[in-house]
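User: Hi! I have a structure open and would like to talk through a few of its residues with you.

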Amino acid sequence: MNAMIRSTLAAVVACALPVSAALAGGETPAPEGAEVYFVTPKDGEVVSAPVTVVFGLRGMGVAPAGTEKENTGHHHLLIDRPPLGEGEDGADELSYGLPSDENHIHFGGGQTETTLDLAPGEHTLQLVMGDYGHVPHSTPIVSEVITIKVE
């Protein structure tokens, strides 16, 4: 295969990779195969306020913020904002840690669920694991973005 075909093929393959595969996080290594997900609510679900959100995790443990222990982290919930790594501050949050505000909820105590008082309407949610310092792992461990409707 000549060099031109190889470079074209490489460009096509790179464009076909999922966006999440291109994300780079902080320095803490992610355990291979680790996965964070929503137990409840499910994508597309219609719910009533207050909304109970239960976090699921496979392949790693939960430890409070500030605990530097291999293969652990703690949950962060992104509400009504672009997926991790996207948007105005996306690059910064991957390298320097997640902010703490109404769109970025920290669960530094090791919590695995929460109750939210969301206004009626559609809302997006995404879970992100952070290391001891609230920085996403070197391969970020993120859930799919789900959309729920609060009635």
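User: Which residues does H74 touch, not counting residues up to four places away in sequence?

Analyst: Happy to help; please keep in mind that this is a predicted model. H74 lies in strand β5, residues 72–79. Leaving out residues up to four places away in sequence, H74 touches A63, A65, F107, G108, V128, M129, G130, D131 and H134.

User: Is H74 buried or exposed?

Analyst: The cut-off for buried is under 20% relative accessible area. H74 has 0% relative accessibility, so H74 counts as buried.

User: Which side chain is joined to that of H74 by a polar contact of 2.9 Å?

Analyst: The side chain of H74 makes a polar contact with the side chain of H76, but at 3.2 Å. The polar contact of 2.9 Å joins the side chain of H74 to that of H134.

User: Now to S143: from which residue does the backbone nitrogen lie 2.8 Å from a polar atom of the S143 side chain?

Analyst: S143 is found in the loop between β8 (121–130) and β9 (146–150). Its contacts, without residues up to four places away in sequence, are V36, Y37, F38, Q126 and L127. The backbone nitrogen at 2.8 Å from a polar atom of the S143 side chain is that of L127.

User: Why does S138 count as partly exposed?

Analyst: S138 has its place in the loop between β8 and β9. Partly exposed covers the range between buried, under 20%, and exposed, over 50%. S138 counts as partly exposed because its relative accessibility is 29%.

User: What separates the C-alpha atoms of S138 and G26?

Analyst: Along the chain, S138 and G26 are 112 residues apart. In the model, their C-alpha atoms are separated by 4.8 Å.

Methods. Residues are numbered from 1 along each chain as its sequence is written. This is a predicted model: local features need pLDDT of at least 70, side-chain atom pairs count only at pLDDT 80 or more; totals for chains, interfaces and linings use all residues. Side-chain values use heavy atoms; hydrogens and water are left out. Helices (H or I, at least four residues) and strands (E, at least two) are DSSP runs, numbered from the N terminus. A polar contact is a pair of N or O atoms within 3.5 Å; within protein, one must be able to donate a hydrogen and the other to accept it, and residues adjacent in sequence count only if both atoms are side-chain atoms. Contact means heavy atoms within 4.5 Å. Buried means under 20% relative accessible area, exposed over 50%, partly exposed in between (1.4 Å probe, protein chains only).
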